[in-house]
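Please open the model in your viewer with both the cartoon and the side chains available, and keep the selection panel at hand. The tour below moves from one selection to the next and says what is to be found at each stop.

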Amino acid sequence: MDDPRTVSPTSRPDLLDPATLSQLGGIEFIAREVVEGFLMGLHRSPHRGFSAEFAELRAYQAGDDLRYIDWRMYGRSDRFYVKQFEEETNLRAHLLLDVSESMGWSSNPGTLPSKLWYAKHLAASLALILLRQGDSVGLVAFHDTVVKRVQARGGRRQWNELARRLTALQATGGTSAEGALRDLAVRLRRAGLVVLLSDLLVRPDETLTALKFLRHHGHEVLVFHLLDPGERELPAASEARFYDPETNDELLVSVADIRVEYREAVADALAEWKRKLRPHGIDYQVIDTDRPLSLALRACLRKRERLG
Amino acid sequence: MGALSPLFLVSILAIGVPIYLHLFHRHETRRLSFPALRYLERTERDHARQIRLRQLILLVMRIAVLVLLVGAGARLFFNGRGSAHPPTAVVLVIDNSMSSGLVVGEARVIDRLKELGRQTLDGASDEDQFWVVRAGEPWLPALPASAAQTREAVDAIEASDAAGNLTAALERAAELLRTAKLEHREIHILSDLQRTAFQPAQEAPAGTLPVVAWASDAASTPNHALSGVLVGGGLPPLEGQPTAVTVTALETGDTSRLPLRVVVNDRIRGAATIPPGSATSVVLPPAGAGWVRGYADTDPDALRADDRRYFAYRSRPAPHLASTGDTGMFIDEAISVLESANRVIRARAADAEFLISAGGEGLDLLGVKGAALIVPASDPTLLPALNRRLVDAGIPWRYEVRARSGAAKLDGRTLPAPLEDVRVEAWYGMTLATAPTTPTRTLAEVSTDPWAVQGTDAFGRRYLLLASSLDAPSTTLPVSTGMLRFIDWAAGTWAGRAGSADELEAGTHLPAPVGATHVRFPSGGEFKIDGTRTVRGTGKAGFYTFFALDTTVAVVALNTPVDESDLERVSEDELSVVIGPGVVSVDREQDWARAVFRTRRGPELWWPLLLAAVALMTIEPLMAAAGRVATSTQKRRKAPKSPVSDVAA
């Protein structure tokens with residue numbers, strides 16, 4: 001693992017491309033750096049959910065709300081401190097992470113991290129943001145079945161737990177998102193935020209039904225459709241025999257003949273997901289795995305803000 | 001369709017490359033992991049027909065490009081309609097026999113035939129090879145020539161007065177083509193297809209060679225002709241004696257009488273009318289010693305050559321003749337008849353101009369200006385004595401008994417007319433014992449053995465040796481009507497006073513008389529007598545005058561062949577029999593140029609093929625790209641097909 005100090009202090013880790021970001025360190029460090037950088041860029045305090053019960057003081061940071069500056073401490077010490085309160089958790093967020101075999105694929109394994117790497121770091125970053133603002137965050141990892149489940153909780157321990165579990169996840173098995181979604185819907189008694197991180201190489205009808213089922217139970221749903229650039233654009237080969245790593249199905253394709261048609265088919269599929277999900281209040285965000293994590297984080301934060 | 005470079009067509013196998021790539025190469029591509037296989041499947045499913053169709057079109061275009069390139073490289077051409085043809089060896093058989101002088105309409109047949117020949121040459125290329133065979137002048141050589149040289153030869157052709165033998169001409173043409181190195185060969189017959197020009201043959205003379213024959217559809221023209229002229233009933237008149245000229249008109253079925261004139265030494269000596277198929281005689285007044293030239297003619301018609309017949313004879317005094325030894329009854333009787341007719345005068349051997357010697361007796365008595373006819377005795381025991389006398393006379397020939405049996409007809413290129421149709425039952429062998437010091441000539445042969453030979457002995461006397469005794473068991477000559485003519489001819493010829501009264505046809509090879517140094521043709525041209533002592537090229541009827549320095553030694557009249565006056569043509573149905581199975585007839589002049597060069601090819605296709613190939617090579621990538629654009633556009637217009645079907649909420 002590379003020394004984190006190699007990163008320029010002036011850089012914004014959340015804006016780094018995933019290939020560079022993957023060299024910075026482990027999931028905890030990267031997530032923390034990304035989140036800090038991301039929040040710095042927002043020019044506002046990450047510490048939302050300040051409630052009436054005072055907890056502690058901490059040194060002022062740029063972007064903190066001026067309303068929470070403890071002027072008394074300023075008078076005493078001539079330094080700015082902001083007051084922090086023990087707030088009550090008002091949101092349960094559940095991160096649904098697809099760990100199927102297809103998620104472990106990268107179109108350029110040497111430089112571009114896999115979709116699973118991207119999803120895990122995105123999930124960790126999201127969890128950190130949510131936990132920092134007092135939400136409780138749970139994790140469900142699934143492929144054909146649910147392989148890992150972490151109950152939603154708040155606090156620093158939960159972050160450590162989530163980071164540890166995320167680090168251990170490996171891409172394997174097929175994809176049956178609808179099973180995990182239904183399992184989650186059955187288990188959640190209280191409405192919350194469900195964030196699905198998947199390449200959506202799933203049975204679309206069943207998955208859509210399950211997502212609508214979650215919405216029917218009052219959950220806010222945010223879908224991150226992770227897309228490797230190699231899935232948008234076919235490789236340069238003139239002809240190739242492609243196979244699905246999950247099903248091992250094969251298809252002999254003359255790439256030159258269908259390159260344009262394939263590009264349009266992918267675009268159509270993405271547009272179709274969006275068109276089908278939006279009427280049901282399900283946010284849908286396509287995330288290219290060669291793009292910075294901040295894009296996904298911003299989408300999540302906007303969603304969180306709408307939820308109050 | 002054909003190809004000028006057919007070997008290049010082998011490269012057509014190259015079309016297997018795109019076909020192989022299309023069918024098999026795809027199975028050897030690399031295997032790639034690709035989770036989004038469903039998008040590929042969807043794309044393939046939605047565009048399968050378009051993709052397959054486009055691939056098929058592209059495959060066809062690529063194959064077409066190869067085929068077009070191969071076709072261009074092989075220099076393909078269309079058959080039949082163009083002016084080009086592969087290099088061809090062509091024999092132009094032009095029938096310039098006497099009948100080709102027939103005037104049809106406003107032109108002679110020969111002129112039309114020559115024009116057709118020029119049409120052939122107009123369509124010729126520099127790679128073609130030509131021969132010209134003149135059916136009416138078969139003695140002329142046929143040499144391979146270019147089209148330009150052949151055109152000059154064709155232009156120079158004129159109708160001869162000789163007979164045309166198309167069968168022999170075709171056999172000669174076929175023989176010439178067998179020597180040709182070109183693959184494509186053809187015979188063009190330009191003829192009036194006169195029936196008499198074809199001779200019976202066991203096989204078609206042209207064999208299986210392709211033949212294009214001109215078969216004019218012009219109607220037959222009635223032809224009047226004089227078919228014969230005979231002076232003195234076959235015996236040339238003697239000096240101071242009147243004689244008669246018998247003229248025969250050709251039987252044509254017409255009853256109208258033909259006007260007849262007899263001209264002797266440029267003066268009209270008689271006139272009459274003669275119905276076709278009959279003969280009439282015109283009496284000529286006595287003439288002095290010397291050569292007499294004359295002709296009989298009638299009014300000219302469409303075929304003028306046969307409207308006049310020539311005759312020539314020498315009005316001479318009767319030669320002095322002697323006989324020695326046992327010459328036999330037949331010779332004695334013949335001499336008596338000729339003597340009674342004042343055609344010979346009996347003399348002693350020492351004074352004789354012509355000696356008939358049985359067994360060589362009396363040769364020693366003959367003067368140095370005399371000539372001898374030496375006849376062997378039928379008794380072979382007398383041959384040694386004969387041979388001894390020949391030795392004494394300085395004659396290199398020797399007689400010997402030859403064990404031969406069976407009768408044979410006399411033959412020979414210079415066979416004297418009285419010996420024609422003579423059969424020989426028994427003969428002695430004659431061989432040269434020593435190398436002759438003077439030229440000898442074989443006048444007649446029997447079964448390849450010499451039967452009559454002539455020469456000059458050691459004393460400068462001319463001799464004629466016969467291989468048979470002139471008796472009935474040995475030969476048919478003594479008992480035939482030719483016996484008198486033979487003795488008369490021999491006495492006149494060997495006495496130096498021959499008077500030709502034979503009817504000879506134009507085209508006949510004339511043996512030069514002894515002592516002749518040059519010959520004057522009817523055209524006036526004079527030619528030296530060459531070593532063959534034979535005058536060829538006698539295609540024109542008229543007088544051929546032989547000279548010994550400034551002295552006329554012989555005048556020979558050549559006439560048109562009677563058969564040539566019969567203008568009946570063979571029918572088109574018979575052409576395959578008399579010419580060959582590969583014959584194609586043409587009866588319209590405008591069709592001739594298209595009919596000849598039967599391996600004719602149309603215009604070469606290399607440039608349009610190459611152009612099409614270049615166009616396809618340009619279009620192919622454009623079409624591939626255009627196809628994708630088209631499908632993309634089509635796709636945009638279509639309502640997007642959902643990967644997620646409508647599901648009930």
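Two strands are taken to pair if DSSP finds at least two bridges between them, and the elements named here are DSSP runs numbered from the N terminus, helices being H or I with at least four residues and strands being E with at least two. This is a predicted model, in which local features need pLDDT of at least 70 and side-chain atom pairs count only at pLDDT 80 or more, while totals for chains, interfaces and linings use all residues. Residues are numbered from 1 along each chain as its sequence is written, and chains are lettered from A and ligands numbered from 1 in the order in which they are written.

**First stop: a sheet in chain B**

Select strand S10 (226-231) and strand S11 (residues 243-249) of chain B, which run antiparallel and are joined by five bridges; within this pair, Gly228(B) stands opposite Thr248(B). Adding strand S14 (279-284) of chain B completes an open sheet of three strands in the order S10-S11-S14, with antiparallel pairing. S10 and S14 of chain B are the edge strands, each pairing on one side only. Neighbouring strands of this sheet are turned by 20° against each other on average, direction ignored, where axes are lines fitted to C-alpha atoms, for helices over the stretch in contact, and angles run from 0 to 180 degrees between N-to-C directions.

**Second stop: a covered strand**

Now select strand S19 (residues 354-358) of chain B, in which five of the five residues are buried, that is, have 20 or more other C-beta atoms within 10 Å of their own, with C-beta atoms placed from the backbone. Phe354(B), Ile356(B) and Ala358(B) point one way from the strand, whereas Leu355(B) and Ser357(B) point the other way. S19(B) runs parallel to strand S17 (residues 320-324) of chain B, to which four bridges join it, and also parallel to strand S20 (residues 371-375) of chain B, through five bridges. Phe354(B) is a useful residue to centre on, being the bridge partner of Leu321(B) and standing opposite Ala371(B) in S20(B).

**Third stop: where the chains meet**

Show both chains together: 38 residues of chain A are in contact with 32 residues of chain B, contact meaning that the C-beta atoms, placed from the backbone, lie within 7 Å. On the side of chain A that touches chain B, helix H9 (255-277) of chain A gives the most, with 14 residues. The residues of that side divide into 21 nonpolar, two polar and 15 charged, where Ala, Val, Leu, Ile, Met, Phe, Trp, Tyr, Cys and Pro count as nonpolar, Asp, Glu, Lys and Arg as charged, and the others, Gly among them, as polar.

Which strands make up the open sheet with mixed pairing here? Its order is S9(A)-S8(A)-S2(B). S9 of chain A and S2 of chain B stand at the edges, each with a single partner strand, so one side of each is left without a neighbour in the sheet. S8(A) and S9(A) run antiparallel over five bridges, with Phe242(A) opposite Leu251(A). H9(A) packs on this sheet, touching S8 and S9 of chain A, and helix H2 (residues 37-73) of chain B likewise touches S8 and S9 of chain A. Across the chains, S8(A) pairs with strand S2 (residues 31-33) of chain B in the parallel sense over three bridges, and Arg241(A) stands opposite Arg31(B).

Methods. Two residues are in contact if their C-beta atoms, placed from the backbone, lie within 7 Å. A residue is buried if 20 or more other C-beta atoms lie within 10 Å of its own, exposed if 12 or fewer, and partly exposed in between; C-beta atoms are placed from the backbone.
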